[in-house]
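Good morning, and thank you for making the time. Please have the sequence and the structure open while I speak.

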Amino acid sequence: MDFALTEDQAGLKAAARTYLEDTYDLERIAALADEGGQDLAAWPELVRQGWLDPDLDLAEFVLLAEEGGRALHPVPWFATAGPALPVYLAAGVDLPGPATLADGSTTCRAARRDGVWRLDGAVQAVLHAEVATEIVVAARTPAGVALFGVDPDAVSVSPRVGVDPLRATSDLALAGAEGRLLAGPPSAAPLLAAIRGRTTTLLAGEAIGVADRALEIAVGHAKTRTQFDRPIGSFQAVSQQLADGYAEVELARSLAYRAAVVPQDGGPAAVEAVSCAAHAASRAAISVCETAIQVCGGMGVTWEFPLHRWFRRALWLEAELAPGPLEAIAHSLFGEHS
């Protein structure tokens, strides 16, 4: 299978990197992270540039997620493009703006009351709920799981303190919140399952971008920092660590690209591809960030040096990607004996 980027894909990736590098320097990322904010003013520009174009394939979204990870893109694009956008496309309605998904399929219920759908229950750790224009809530109805669009003002939102201030999560409580039906049973359940695979694949792409940027910072430091009148990158103990990091990034990248082109039909091949990508990418993000911090020495652990921000994202990604991949890989290899 050929994983080489097409001319259009390479152009998309290059354009995304140019835009992000021109828009978000280290100082601006630091300021937004310290304030715990999102650059919502940039949302119309993302829409104009086609970052949410429904004609994009999953492979193109993975490329955008990768560049977003490199830049720590401070816009709720992932929460929208990953879990929320497919619901609006399936419903045939316009995306209202930044959105997110709250999977309350086991904790929320919905019922028709007074001619409208009313939702009750709670969902924990919902990404970017505090800045979403609309929250897509999965809830159980008497006929099965359904997906509803809910106004954030109708929901109690309790922010959480997390490891990455640019990835804020909140706990939601719904008490009779009105929802508009976007996808009902029986189509909602398989759609939700497909969204989980899509979201995991995009997170794997983002983890690659995090690892790639951390490696770039470490290599740049190794080229300019001197000891004994030589760049530290010329010492084997340093260069070998960087070479190992490069190998990890490229392996994870190939697995993420593979997951992006395998048909997401929920079959064993798709589950295996997504699980391998999730495991390799999350491991690469953590490992390469740790290596980069070590290569940068005392500077690498200071608050002023930017590496800790990518390490925080790597830790957040590890928490999101860690549950399940190894078990899924083992099951695909050994079946019921795993």
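I will begin at Ser282, which counts as buried, with a relative accessibility of 9%. Please bear in mind throughout that this is a predicted model. Ser282 sits in helix α8, which spans residues 268–295. A polar atom of its side chain lies 2.9 Å from the backbone oxygen of Ala278. Which residues does Ser282 contact once its neighbours within four places in sequence are left aside? They are Ala207, Glu318 and Leu321.

Helix α8 also holds a second serine that I should like to show, Ser287. Is Ser287 buried or partly exposed? At a relative accessibility of 22%, Ser287 counts as partly exposed, because the limit for a buried residue is under 20%. The side chain of Ser287 makes a polar contact of 2.8 Å with the side chain of Glu248. For a sense of scale, consider Ser287 together with Ala139: their C-alpha atoms are 37 Å apart in space, and 148 residues separate them in sequence.

I turn now to charged pairs. Side chains of opposite charge can pair when their charged atoms come close. With a side-chain nitrogen of Lys or Arg required to lie within 4 Å of a carboxyl oxygen of Asp or Glu, the model has 21 salt bridges. I have selected three of them for discussion.

The first pair on my list is Arg17 with Glu67, whose closest N and O atoms are 2.9 Å apart. Arg17 belongs to helix α1, residues 7–23, and Glu67 to helix α4, residues 58–71, so this salt bridge ties together parts that are 50 residues apart in sequence. How accessible are the two partners? Arg17 is partly exposed, at 26% relative accessible area, whereas Glu67 is buried, at 1%.

The next pair is Asp39 with Arg28, where the side chains meet in a salt bridge of 3.0 Å, N to O. Asp39 is in the loop between α2 (26–35) and α3 (43–49), while Arg28 is in helix α2 itself; the two are 11 residues apart, and the pair links distant parts of the chain. Here the acidic partner, Asp39, is buried, with a relative accessible area of 9%. Arg28 is partly exposed, at 32%.

My last pair is Glu134 with Arg180, and their closest N and O atoms are 2.9 Å apart. This salt bridge joins two strands: Glu134 is in β4, residues 134–141, and Arg180 is in β7, residues 169–183, so parts 46 residues apart in sequence are tied together. Glu134 has a relative accessible area of 10% and is buried. Arg180, at 35%, is partly exposed.

Arg17 and Glu67 also belong to a network of salt bridges. Which other residues take part in that network? The remaining members are Lys13, Glu66, Arg70, Asp212, Arg213, Glu216, Glu250 and Arg253.

Two members of the network, Glu66 and Arg253, bring us to a contact between helices, since Glu66 is among the α4 residues and Arg253 among the α7 residues that meet there. Helix α7 covers residues 236–261, and its axis comes within 8 Å of that of α4, with a crossing angle of roughly 145°. The crossing of α4 and α7 is right-handed. On the α4 side, Leu58, Ala59, Val62 and Leu63 join Glu66; on the α7 side, Tyr257, Ala259, Ala260 and Val261 join Arg253. By class, this contact has eight nonpolar residues, two charged residues and no polar ones.

I shall close with some backbone features. Where is the cis peptide bond that I wish to point out? Pro185 and Pro186 are joined by it, with omega at about 5°. Pro186 lies in the loop between β7 and α6, the latter being residues 188–224.

Further along, please look at the loop between β8 (226–227) and β9 (230–231), where Phe228 is found. Its phi is near 55°, a positive value in a residue other than glycine. Asp229 lies in the loop between β8 and β9 as well, and its phi is also positive, near 65°. Are these two residues buried or exposed? Phe228 counts as exposed at 72% relative accessibility, and Asp229 counts as exposed at 79%.

That concludes my presentation. Thank you for your attention.

Methods
Residues are numbered from 1 along each chain as its sequence is written. This is a predicted model: local features need pLDDT of at least 70, side-chain atom pairs count only at pLDDT 80 or more; totals for chains, interfaces and linings use all residues. Side-chain values use heavy atoms; hydrogens and water are left out. Helices (H or I, at least four residues) and strands (E, at least two) are DSSP runs, numbered from the N terminus. Buried means under 20% relative accessible area, exposed over 50%, partly exposed in between (1.4 Å probe, protein chains only). A polar contact is a pair of N or O atoms within 3.5 Å; within protein, one must be able to donate a hydrogen and the other to accept it, and residues adjacent in sequence count only if both atoms are side-chain atoms. Contact means heavy atoms within 4.5 Å. Axes are lines fitted to C-alpha atoms, for helices over the stretch in contact, and angles run from 0 to 180 degrees between N-to-C directions. A crossing is left-handed if the near helix is turned anticlockwise from the far one by less than a right angle, and right-handed if clockwise. Ala, Val, Leu, Ile, Met, Phe, Trp, Tyr, Cys and Pro count as nonpolar, Asp, Glu, Lys and Arg as charged, and the others, Gly among them, as polar.
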